[in-house]
Every structure is written in C-alpha cells, then in structure tokens.
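This report concerns the packing of helices and strands in a single molecular structure. The sequence and the structure are shown first.

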Amino acid sequence: MNEDALVVEVGGLYTRSGEASAMIPNWLLPCWDQDTCIEYTNRPVQNGIVSNWEVFENQLKAAIDGALQQQRYSSNNIGENPSSEPKHEIADMRPLLLVDTPAISDKDRERTCELLMEKFNVPAYFVLNDVVASVYSAGRTSSFIFDIGYDRCQVGAVHEGFLFPHTWKSSEVGGKHVTAVLCNGFESRGHTLDLRTAESLKLSHARVASNFEHETQQLQLTQDSSNYTTLPDGRKIALSDTHVRATECVFQPLLVGHYGPGLSDMLIDMVNMCHREKETQPLYNLPLFLLGTGGTSQLRGLVDRIYLDVMEGVKTSSSQKPVFVSVLEDAPDRHHAAWIGGSIVASLPRFVQNNFVSHAEYSEVGASTIHRHC
C-alpha cells in the first residue's frame with residue numbers, strides 16, 4: 001500500500017475522484033447532460049442518500065477507473081448495468097476513501113463497504129462524511145459549518161474532526177431550486193431561458209438580500225440601467241427583483257414548496273443549542289466561526305445576510321461572542337471542498353495504515369467493522 005489512496009465522492013451534481021494529496025480531483029463526471037444542462041433522472045445520490053444502487057455502483061466503477069487511468073468516462077454509460085464488468089484485481093487497486101454524508105444510514109454505509117470490498121476488491125477502505133471533510137479543506141479541525149449543495153443545505157458543529165450528530169440538520173433546498181425560481185421568474189414575464197443561460201445568470205447576477213421584503217419592493221420600482229442584463233441572443237431584459245427573489249428560497253424553503261426551517265434558522269437553532277449545553281464543553285466553547293461551503297455559497301450577499309440573521313437570532317450568552325462568517329472567497333475550488341478535505345485526510349502520514357479497514361479485517365468481521373473506524 002505504498003501508492004497514494006484514491007478519494008471518491010459521489011455527489012448530487014458531480015462524481016469526483018483522484019489520488020490523495022492532489023489539490024483538486026483529476027476526474028469529474030457530471031450528473032447532468034452537458035449539452036442540454038438537464039439533470040439525469042437516474043442520479044445515484046439525491047439529498048445525500050443513495051437512491052439508485054445500480055447507478056451508484058456504476059458511478060463508483062467509473063470514478064475508480066477514471067482515477068487510475070485518468071481517462072474521461074463517457075456520460076452515456078451512466079445507466080449501464082455494471083454486473084457484466086470484470087472484477088478488479090487487488091494488485092490493481094489502491095486503498096480508497098469515500099466521502100459520504102451524515103444522511104446515510106448505518107445499513108447503507110455497510111452496504112457500500114461490502115460493495116467496495118467484494119466487487120471492487122479494494123485492499124483498504126475508509127469513509128468520511130462531507131461535513132467534516134469540508135472543515136478539513138479550510139485547514140481547520142473545528143467549526144460551525146453550513147453547506148449549500150445542488151439539492152440541499154446542511155449545517156453541523158464539528159470539534160476536532162468529529163461531527164456531533166445532534167447538531168446536524170438539513171433542508172431539501174439547494175442550488176437547483178435557486179436556478180428554477182430564476183427561470184420561472186423570467187418566464188412569468190415572457191422570457192424563456194435555457195438552463196445554461198439561467199446558471200450563468202445565477203452566477204453573475206443573483207444575490208442574497210439583507211432585507212428581503214424591503215429590497216424586492218425597491219427593485220420592482222427602479223428603472224436604473226444597472227437593473228438590466230443582456231442575454232446571449234442579444235435580448236436586453238429587466239432583472240426587476242427576480243435575481244433577489246430566486247435566492248430567498250434558501251432562507252424560506254416554503255417559497256419552493258418545502259416545509260421546514262431555512263438556512264439561517266438552522267444555523268441559529270444549532271448555535272443556541274450548542275451554547276445551552278454547558279456540560280458539553282467542546283460545543284459550549286466552540287467559537288462562533290461559521291464556515292460556508294458548496295457551489296451556491298458563492299452567491300453575493302450571502303455572508304452579510306447570515307451574519308445579520310445570526311446576530312439577531314442568537315441568545316444572550318452566544319451574542320457575547322464575536323461572530324465570523326467565511327465562505328472561502330479566495331479559494332477558487334471551494335465547490336470541491338468535501339473532496340479536497342478527503343484528499344487531505346487520506347494523505348496524512350500513516351493514516352491509511354492506522355485507520356482504514358483492511359480487506360483482511362473485513363473478511364474476518366464483516367461490513368459492520370466500518371463503524372469501528374468511521
């Protein structure tokens with residue numbers, strides 16, 4: 001096991017893989033058609049949970065082959081049945097670290113371990129949840145964290161590389177919902193956007209309002225030239241309040257038909273809960289540093305909105321501490337944060353030898369041994 005371990009993440013939007021110690025994944029497979037920008041209906045992971053095990057297995061094989069051979073895997077092969085593929089030889093394989101999510105059940109984690117050991121013959125295996133991995137990617141071991149991914153938001157409190165399970169919360173609203181609201185907003189005014197254009201507009205114009213009601217009212221009344229944009233086909237259209245209204249669903253999920261708390265509410269509840277637990281010293285003493293990751297954390301105005309909401313919502317004992325919010329503005333690869341964190345862990349000296357489940361241990365104990373290590 002002298003060669004670098006492989007690191008694989010099967011996410012909601014991309015499957016990523018590469019060698020440990022790499023700065024970014026060297027292999028990517030999108031879960032959407034790159035020509036039409038329409039997501040595949042058989043995405044293997046949705047809202048952090050494996051929803052299609054056959055496709056998940058095929059994605060794993062593609063990711064492993066892509067990392068080993070550094071060859072692009074055709075997206076047309078996503079739905080193929082992997083059962084006909086030859087079994088990997090142990091001599092050809094590397095230790096593998098899989099980045100998964102806190103949403104996955106113990107049963108599914110064991111099933112993944114069994115799949116990798118039995119079907120892919122990995123010589124050693126470890127799993128790391130994406131919340132902790134994202135904290136590591138920022139060079140930290142402890143932090144409050146919020147992640148805004150493709151189809152969900154999640155928050156959690158991490159101390160010395162351990163995610164306290166009762167602090168983890170999630171919402172089934174993410175970047176794709178922001179894009180959908182943006183499309184619907186323009187369509188209601190007679191402008192049909194393809195998803196590629198909508199994604200481009202989201203990155204260039206969408207922003208988060210500090211005061212949603214006030215700012216949307218002001219934007220509806222303004223005729224300022226800065227409140228217009230030009231589409232790729234030459235059409236010049238008014239933004240009105242669409243670019244601000246689209247992002248609000250992250251904070252008010254009911255706007256897109258989802259019940260439950262929004263991002264700021266989840267963060268405030270988590271912080272207040274942690275600072276009520278004086279007997280749990282690591283959480284009680286955790287600084288109010290809020291780390292944001294995920295592609296949608298790049299939205300303009302997000303940091304200011306979260307800062308204001310948290311300052312207003314935390315209880316007295318918490319509000320006495322300074323609040324810092326960071327979304328790694330200077331890190332261009334922050335949308336790969338979880339994979340990068342996994343790469344950092346898997347490249348630590350002797351980490352593979354001391355922490356991974358070996359094939360021999362799996363053969364002796366079974367898939368449940370994964371819980372002893374991860």
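The following paragraphs treat a sheet, the helices that lie on it, and two helix pairs.

**The sheet and its helices**

The model is predicted. In it, six strands are arranged as an open sheet of mixed pairing, in the order S3-S2-S1-S6-S7-S16. The edges are occupied by strand S3 (27-30) and strand S16 (357-358); each has a single partner strand, so one side of each is left without a neighbour in the sheet. At the S3 edge, strand S2 (residues 14-19) pairs with S3 in the antiparallel sense, over four bridges. Within this pairing, Thr15 is placed opposite Leu29 in S3.

Helix H2 (residues 106-118) packs on the sheet and touches strand S6 (96-100), strand S7 (124-129) and S16. The direction of H2 makes about 150° with that of S7. Helix H12 (residues 337-346) lies across strand S1 (6-10), S2, S6 and S7. Relative to S1, H12 runs at about 155°.

**Two helix pairs**

Two packed helices are described by the angle between their axes and the distance between the axes. The table gives these values for two pairs.

| Helix pair | Angle | Axis distance |
|---|---|---|
| H1 (residues 53-69) and H2 | about 50° | 12 Å |
| H8 (residues 263-274) and H10 (residues 302-313) | about 45° | 9 Å |

H1 and H2 pack at an angle of about 50° and are therefore oblique to each other. Their crossing is right-handed. On the H1 side, the contact is made by Trp53, Phe56, Glu57, Leu60 and Ile64, and on the H2 side by Asp108, Arg111, Thr112, Leu115 and Leu116. By class, the residues of the contact of H1 with H2 comprise six nonpolar, one polar and three charged. H2 thus takes part in this helix contact and also packs on the sheet.

What angle do H8 and H10 make where they pack? The angle is about 45°, with the axes 9 Å apart, and that makes H8 oblique to H10. H8 passes H10 in a right-handed crossing. From H8, the residues Leu263, Ser264, Leu267, Ile268 and Asn272 meet Leu302, Ile306, Asp309, Val310 and Gly313 of H10. The residues of the contact of H8 with H10 comprise six nonpolar, three polar and one charged.

Technical notes:
Residues are numbered from 1 along each chain as its sequence is written. This is a predicted model: local features need pLDDT of at least 70, side-chain atom pairs count only at pLDDT 80 or more; totals for chains, interfaces and linings use all residues. Side-chain values use heavy atoms; hydrogens and water are left out. Axes are lines fitted to C-alpha atoms, for helices over the stretch in contact, and angles run from 0 to 180 degrees between N-to-C directions. Helices (H or I, at least four residues) and strands (E, at least two) are DSSP runs, numbered from the N terminus. Angles under 35 degrees count as roughly parallel, over 145 as roughly antiparallel, 65 to 115 as roughly perpendicular and the rest as oblique. A crossing is left-handed if the near helix is turned anticlockwise from the far one by less than a right angle, and right-handed if clockwise. Contact means heavy atoms within 4.5 Å. Ala, Val, Leu, Ile, Met, Phe, Trp, Tyr, Cys and Pro count as nonpolar, Asp, Glu, Lys and Arg as charged, and the others, Gly among them, as polar. Two strands pair if DSSP finds at least two bridges between them.
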